[in-house]
Each structure stands twice: as C-alpha cells, then as structure tokens.
Amino acid sequence: MEGQILPPESLTNEAIAERLTSTALKSLKKRTIKKKNLIYLELNGCSGNIISLLNGQNPDFEYTLNSMVDLKFCNSLMAAEGEPAIEKLMKAMDDEYILAVEGAVALKNNGLYNIIGSWQGKPLTGLQAAKMLGEKASHILAVGACATHGGVSAAKPNPSQSVGLQMVLPDKKMIKLPGCPVHPDWFLGTLAHLLLYGEPETDNLDRPLMFYSTLIHDRCPRRPFFDRGIFAEKLGDKTCLFKLGCRGPVTRVDCPTRQWNGHVNWPIGDNTPCIGCAQFGFPDAMAPFISYDTTRVVKNE
Amino acid sequence: MSKRIVINPLTRISGFMEIDVMIDQNQVVDVKTKGNLFRGFEQMLVGRSPFDAVYFTQRICGICSAAHSMASSRALEDALNIEPMEQGKYLRDIIHCCEFLQNHIRHFYQYTVPDYVKIEQNSLFQADHDDFRLPKSINDRISQHYFDSLKYSRLAHEMLAVLGGKAPHNHGVFIGGITTQATAEKVVHIDSILGKIARFIDEKMIPDVYDIARFYADYFRLGGGYGNLLTYGAFNHYKELGTLYVDPLVSTLESVEAFDESNIQEKIDYSYYKSITNSNQPNEEVTEPDMDKEKAYSWVKAPRYKGLPFEVGPLARLILSGTYNNGISAMDRTIARALEAKKISEVMKILLQQIIPGVDVQKKYELPELATGRGLVDTTRGALGHWLKIQDKKISFYQIITPSTWDFSTRDDNGFRGTAEEALVGTPIQNPDKPAEIGRILRSFDPCMSCATHVYSPGKQVKTIKVF
C-alpha cells in the first residue's frame with residue numbers, strides 16, 4: 001500500500017489522509033522529503049479556511065507545522081504584528097515557497113477595500129500582495145471558494161469588485177481547492193502530495209482528482225430515494241433533498257464518503273440540501289439555497 | 001515628545017485591523033481603530049430569498065459563523081411569526097454552545113497566549129517584543145497547551161457538526177430550531193466529548209489564564225475604558241428552565257437597567273459611508289461606501305445605546321449576570337473568556353439533559369409578501385443583531401450590527417471614542433519601538449474584523465444618492 005495515494009473508491013473516509021500522513025512521516029525520517037516554506041495569505045474573506053485547517057485531524061495542525069512545512073506568514077496565527085509581520089512576509093520571498101491563499105482579491109479602489117498590512121509606511125493591499133507573492137511562488141494553492149473564483153466575497157452585486165486569485169495571476173498555474181470552507185483534508189492532502197510526489201493530478205479546472213473527481217449525487221446515500229422518486233418536502237426529512245434545491249447533482253467533491261469534523265456528519269446527513277459550496281459559481285449560481293418546491297413557476301429570475 | 005505608532009496588521013484576530021496610536025511621554029493620548037476590509041454583505045443580501053440569509057450570513061465570519069445563523073434564524077422567525085418549539089431552541093442553543101467553546105479555546109490559546117508566553121516550538125511564534133515574564137516551567141507548560149488545545153477546539157466543532165452537519169458554516173441552525181432530530185447516539189456522542197472539553201477547561205485553560213494574570217498583574221489596571229456594559233441576553237427566557245446565563249441588561253457606572261432595543265442608534269460620522277443622516281435606527285439605516293469622506297478612517301460604524309458607546313462580550317455578560325466582580329480591564333476580559341467557557345459547558349450539559357430524541361421541529365414555511373423582523377442574540381464576542389425586511393418574498397433590506405462593531409466602533413459626533421479606543425487611552429507604553437501593550441489590550445476584546453466591516457445597505461424603498 002505504501003506510496004499509493006489515489007484510492008480505489010471503496011476505501012474508507014480517513015484512508016487517504018492517514019496514508020499520506022504515515023508515508024510523509026516515514027519519508028521525513030528517511031529524509032527523502034524536506035520541509036518546505038509555506039506562506040498563508042488571507043485576503044478578502046471570512047478567514048474560515050484557516051479555522052477549518054485548524055480542524056485537521058490526520059494530519060493535525062501541529063504535525064503540519066512541525067513536520068511538513070515552515071509556516072512563514074499567517075495573519076491569524078503568527079506572533080509578530082504590524083510592519084515586523086509584513087517584513088517576515090517580504091523576507092520569506094527570498095527563498096522558495098509554496099503560496100496558499102484564502103479569500104478573494106478585491107479590485108475596487110485599486111485594492112483599497114482590502115488592506116492586509118502596512119509596508120514602509122504605505123498600505124499593502126491584498127491585490128498587491130497576491131500579485132507579488134504569486135509571481136514568485138513555486139506552487140500556488142487557491143484555498144476555498146473566495147480564492148478559487150470569488151465566492152461569497154464576489155456575490156452579486158459584488159460591492160468590493162472581488163475576483164478569484166487566477167484573475168490577477170492569469171498566467172500562473174495553480175491548484176484550486178473550492179469549498180466554503182475548504183475541508184482540512186482537501187488542503188492538507190494536497191499539500192502532502194506536493195511535498196511527497198509533486199503536483200497531484202487535477203481536472204481541467206485545476207481541482208485535484210483525489211478529492212474532486214465525483215459528483216456528490218453519484219455517491220449520495222439518499223440516491224435510492226431519488227431513483228424511486230421519493231422527495232423531501234421540508235428540511236429535516238430523511239429522503240432525497242433534490243426538490244428542496246439540493247446541488248449534489250452538480251457538485252463534484254467527496255463529502256458523502258469523507259464527511260466533516262472528524263468525519264461525523266455532512267449537510268445532507270443533517271437533512272439539508274447541499275448548497276454547492278465546493279462547486280465553481282457558488283454562491284450565486286447555487287442560489288436559492290433552499291426552496292420548498294423547485295417545481296414552482298419562477299418569475300423574474 | 002509625541003510619537004505615532006501604527007500597527008498594521010494587528011495579527012491573531014479574525015480579519016484585518018489597523019491601529020493608529022499617538023503617544024506623549026510614553027503614554028497613549030489618542031487612538032484610532034481601523035477596520036481594513038469591506039465586502040458589503042448587506043447589499044449582497046438584497047434580492048435574495050429570505051431563507052438563504054441563514055447560510056449566507058454565516059459566510060461573514062469563519063470563526064463565529066454559527067452566531068450569524070442564530071441571529072438570522074431569529075430575525076426570520078420574527079418576520080414569519082414563528083415561535084420555535086422548546087426542543088428546537090434547546091438543540092439550536094447546543095450548537096451555539098459548541099461554537100462558544102471552539103471560539104473561546106482558540107481565542108485564548110491561538111490568539112492570546114502568544115502575547116504572554118514565549119512559544120519556542122516554531123519560528124511562527126517569534127514575537128517582536130521581549131516582555132515575557134513567566135518562569136520557564138509555566139511558560140513551557142502553557143506552550144505545550146497551545147498545541148494540546150487544538151484537539152479540544154477541534155472536538156468542539158465535531159460536537160457542532162453532529163447536530164449542525166459541518167463547521168465552520170453549519171447547516172443545522174434554521175427557522176424553528178435545527179434541521180435534524182436528536183437521537184440517543186447523537187446525545188451521548190456530544191456528551192462524551194463535552195466531558196473531555198470541560199475537563200480541559202477546568203484543569204488547563206483556567207489555571208493557565210490565572211498563571212498569566214499573576215505574572216502580568218499590571219494588566220488588571222490597563223485597558224479599562226468607559227465601563228459601560230451591554231448584553232442582549234444569552235441562554236435565557238426558556239419556558240421551563242428560565243434563564244441559565246444572563247438576561248438582556250445594560251449598565252453604566254451609575255445604573256443597571258433592562259435592555260430596550262429602541263435605544264440603539266448607529267452613527268457614521270467617522271466611517272467610510274455616506275447617508276442622508278449620520279445617525280440611524282438599525283432598521284432604517286441606509287448607507288453607501290465613501291472612502292473619500294473627510295474625517296472618516298474606518299469601515300466600522302459606531303453603534304451607540306442612548307448615545308453612549310458600550311462594551312459587549314464575555315466580561316460584560318459575567319458582570320451583568322452577577323458572577324464576576326473583580327473589575328474591567330484587559331486581564332479581566334481575558335480571564336472572563338476562560339471562565340465563560342466553563343459556564344457555557346455547564347449550560348450545555350443542562351440543555352443536553354432536556355433533549356427528547358426523535359422530535360422533528362421543521363415545517364414547510366411560507367414567505368410573506370411584506371414583513372420585517374429582527375434577531376438579537378448574544379454570541380461569543382457579545383451582542384449581535386440582524387434586522388431584515390421582506391418585500392415580494394425577497395429580502396429588501398438587511399442590517400447587521402456585530403459585537404466587534406460595538407467594541408471597535410469609530411468615534412462619534414458627541415466626542416465619544418469607540419470602546420476599544422477609549423480602553424487604550426492613558427496606557428503607558430514601556431518601549432514605543434516594541435509596544436507589547438497595544439496588541440494585548442486590543443486582543444482582550446477578541447476583535448473580529450471580518451464581522452465588523454462587512455456592512456453596506458442601500459434599501460430599495462429609500463431613495464439614496466448613487467455613488468457608482
């Protein structure tokens with residue numbers, strides 16, 4: 001099993017992450033991999049992805065920090081503050097680094113709707129930082145819906161003129177990890193793959209296949225209800241949530257098998273529709289999230 | 001000699017914040033707290049399905065998303081005239097308790113501890129100042145707890161997901177309570193984790209905060225501020241259980257009285273917005289962003305109660321519930337957060353004992369053509385309010401005043417500073433080149449600038465000047 005990362009679909013929820021962890025640990029001991037520098041940039045968003053990453057279990061955050069990467073900059077966690085913090089960011093650019101970005105890039109007023117710090121007395125905008133750091137990064141991870149395509153930060157009418165990271169770095173290759181927030185395994189598993197084997201295999205929209213290959217609908221435990229035409233009429237029902245607006249049929253990610261927060265539950269398990277948070281176009285393309293009868297006549301939409 | 005100190009970014013908070021301080025003879029004489037992020041949630045919500053507000057508003061904040069689901073669900077219940085069943089309230093409040101625990105553990109260990117404890121395990125924790133006073137044995141113990149705590153905050157989110165589907169950004173909290181039904185298996189799953197978290201709080205977190213307090217006792221005299229306290233009430237008004245924590249109350253140095261929401265106004269004299277007037281009731285406020293506004297310095301507005309700035313949060317709640325009387329300071333605020341974590345674990349235990357398995361609290365809801373509603377609830381950081389209007393079955397107006405808007409408000413036309421600004425005034429700064437005091441005092445409020453600076457709300461029914 002060692003070295004095999006892409007799973008046959010039948011393997012259990014935690015299997016991928018656990019195999020990655022144990023393989024990484026062995027490789028570190030054998031010194032076949034070296035810790036890499038990571039810059040974690042938070043831009044226009046809710047900082048929910050870093051909170052989700054702290055929920056990582058196998059590997060957990062302590063392991064990630066002490067055994068996988070040297071985290072050089074992270075607004076939510078670093079002890080330094082003010083210009084000395086930004087100085088660490090600037091210095092980190094002297095060495096090779098992986099750049100992870102959560103949050104969208106706000107373009108309005110030349111980026112001034114999202115100031116991430118001050119450098120040499122001048123405001124440093126998220127826009128400037130994204131461009132500057134993105135150009136020099138060895139690898140780029142766009143983490144969560146706002147970074148992959150603008151997400152909620154870019155929801156209509158998009159008052160801050162937010163865009164996904166790719167829009168300001170059009171020529172740079174990046175791995176996209178949509179989700180609102182990202183599941184810690186999606187991020188940490190991708191990071192582990194980068195360290196151990198280089199870039200993971202991705203689809204034509206730059207999503208790692210090991211997490212984003214299969215529609216939720218195709219592995220949904222409530223699929224038999226769909227096939228027999230038995231539909232929930234309200235939240236809380238135990239049958240297929242399709243007519244309440246479930247976006248499982250258009251969302252490619254492994255929530256049904258992986259599940260969340262210690263792999264204990266997920267939105268459909270909570271008797272609510274998937275709102276497509278891990279699919280490009282979230283939230284506007286997925287709205288309305290909840291309708292009590294999607295077969296109604298829709299006006300003005 | 002006066003000197004200006006700018007800290008940007010203030011790290012270890014949620015979101016982006018700049019602090020601009022003037023000191024004279026090593027003492028703070030003036031302060032501006034500045035929110036440096038703007039997304040405009042209130043405008044985004046206009047035109048959406050009212051039901052979507054519950055999941056949409058959670059995206060304001062990654063560390064306190066369940067708080068927004070609580071306030072928006074209550075605002076919708078108010079608008080739709082729905083009284084949730086007690087079982088629905090209990091289950092929803094259990095989810096909210098999980099978030100308090102996750103938030104308080106993370107705020108103390110990941111955001112506050114690096115201010116006082118020299119964590120040597122990783123260069124990420126290398127501080128800019130050298131005011132570290134703990135003896136090595138205590139310092140090393142709390143450093144280790146920084147990492148140990150990650151398990152318990154993670155477990156708090158696991159409990160949340162058992163009822164809420166996932167965290168951050170849960171699916172469980174909704175109109176009527178929650179979307180799932182309790183089972184014996186879910187109740188014991190949560191109860192077994194809760195026991196572990198409660199032990200961690202008792203045996204690690206509370207002793208750790210008191211050890212820090214012992215060696216940094218000067219912080220009992222710093223960061224006080226106006227001393228005005230406000231809560232919308234938390235875990236209160238249950239039909240059978242009464243109030244488990246605190247009722248809606250406000251206090252100033254002169255008096256304590258029942259909270260009355262008609263006394264809230266929001267001011268924008270020094271915020272990047274324009275409107276017909278600079279002072280508005282929450283349910284009629286219509287503002288547009290204006291970064292060129294003279295005097296303005298922040299995206300955060302200035303909520304006031306009877307014209308005065310108020311502090312909200314764990315310390316305000318503990319004092320107003322009559323369970324803490326040591327004082328109001330940066331250190332009291334930090335201690336209050338740990339003590340409140342214990343209180344919340346006790347409240348949650350009581351709520352869990354009320355749960356009847358298998359009760360379905362959900363219905364198929366109908367939207368009114370025209371309605372207004374508001375949801376006021378105290379959350380991890382303090383008083384949170386959502387105000388909404390529905391027109392043609394769509395959201396026509398949405399207004400949010402978050403706890404961090406109260407604590408990190410800008411100054412106002414009456415000359416009052418924001419609560420945190422005032423708390424900093426008079427602070428002696430030992431080393432102006434490496435100021436440790438400012439960050440410590442500000443973090444005692446647990447700032448969440450993702451929350452405080454999301455605002456922007458042109459209502460369709462009111463004519464305003466378009467800026468773009």
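## A guided tour of chains A and B

Start by colouring chain B by confidence: this is a predicted model, and chain B averages a pLDDT of 93, with 97% of its residues scoring at least 70. Now select residues 454-468 of chain B, where the pLDDT is below 50. Beyond near neighbours in sequence, that stretch still has 38 contacts in the model. For the complex, the predictor gives an ipTM of 0.93 and a pTM of 0.93.

**Stop 1: where the chains meet**

Show both chains and highlight the contact between them, which takes 66 residues from chain A and 70 residues from chain B. On the chain A side, try selecting helix H2 (48-54), helix H3 (61-68), strand E2 (69-74), helix H4 (83-92) and strand E5 (115-119), each of which supplies at least two residues to the surface touching chain B. Which of the elements gives the most to this side of chain A? That is H2(A), with five residues. Colour this side of chain A by residue class and you will find 35 nonpolar, 24 polar and seven charged residues.

**Stop 2: inside chain A**

Hide chain B for a moment. Chain A has 11 helices and nine strands, and buried residues make up 60% of its 301 residues. Take the contacts in chain A between residues at least 6 apart in sequence: 72% of them join residues at least 24 apart.

Next, select H4(A), which you met at the interface with chain B. Its buried residues include Glu83(A), Ala85(A), Ile86(A), Lys88(A), Leu89(A) and Ala92(A). What do the buried residues of H4(A) pack against? Add strand E1 (36-42), E2, E5 and strand E6 (122-125) of chain A to the selection to see the partners.

Then centre on Gly150(A), in the loop between helix H6 (145-149) and strand E8 (162-163) of chain A. Is Gly150(A) buried or exposed? With 28 other C-beta atoms within 10 Å, Gly150(A) is buried, since the cut-off for burial is 20 or more. Setting aside residues up to four places away in sequence, Gly150(A) touches Ala104(A), Ser162(A), Val163(A) and Gly164(A). Draw a distance from Gly150(A) to Gly103(A) as well: the two are 47 residues apart in sequence and 7.6 Å apart in space, C-alpha to C-alpha.

**Stop 3: helix H4 of chain B and two partners**

Bring chain B back and select helix H4 (residues 86-116) with helix H5 (residues 136-164). The axes of H4(B) and H5(B) come within 9 Å and cross at roughly 160 degrees, so the two helices are roughly antiparallel to each other. H4(B) passes H5(B) in a left-handed crossing. Show side chains along the contact: among the H4(B) residues are Leu91(B), Ile95(B), Cys98(B) and Tyr109(B), and among those of H5(B) are His145(B), Tyr152(B), Ala156(B) and Leu160(B). By class, this contact has 15 nonpolar, six polar and two charged residues.

Keep H4(B) and swap H5(B) for helix H6 (residues 184-215) of chain B. Here the axes come within 12 Å and cross at roughly 30 degrees, which makes H4(B) roughly parallel to H6(B). This crossing is left-handed too. Select Leu101(B), Ile105(B), Phe108(B) and Tyr116(B) in H4(B), then Ile197(B), Met205(B), Val209(B) and Ile212(B) in H6(B), to see which residues meet. The contact of H4(B) with H6(B) has eight nonpolar, no polar and no charged residues.

For a last view, show all three helices and pick out Leu101(B) and Ile105(B), which take part in the contact with H5(B) and in the contact with H6(B).

How values were computed
Residues are numbered from 1 along each chain as its sequence is written. Chains are lettered from A and ligands numbered from 1 in the order in which they are written. This is a predicted model: local features need pLDDT of at least 70, side-chain atom pairs count only at pLDDT 80 or more; totals for chains, interfaces and linings use all residues. pLDDT is the predictor's confidence in each residue, from 0 to 100. Two residues are in contact if their C-beta atoms, placed from the backbone, lie within 7 Å. Axes are lines fitted to C-alpha atoms, for helices over the stretch in contact, and angles run from 0 to 180 degrees between N-to-C directions. Helices (H or I, at least four residues) and strands (E, at least two) are DSSP runs, numbered from the N terminus. Angles under 35 degrees count as roughly parallel, over 145 as roughly antiparallel, 65 to 115 as roughly perpendicular and the rest as oblique. A crossing is left-handed if the near helix is turned anticlockwise from the far one by less than a right angle, and right-handed if clockwise. Ala, Val, Leu, Ile, Met, Phe, Trp, Tyr, Cys and Pro count as nonpolar, Asp, Glu, Lys and Arg as charged, and the others, Gly among them, as polar. A residue is buried if 20 or more other C-beta atoms lie within 10 Å of its own, exposed if 12 or fewer, and partly exposed in between; C-beta atoms are placed from the backbone.
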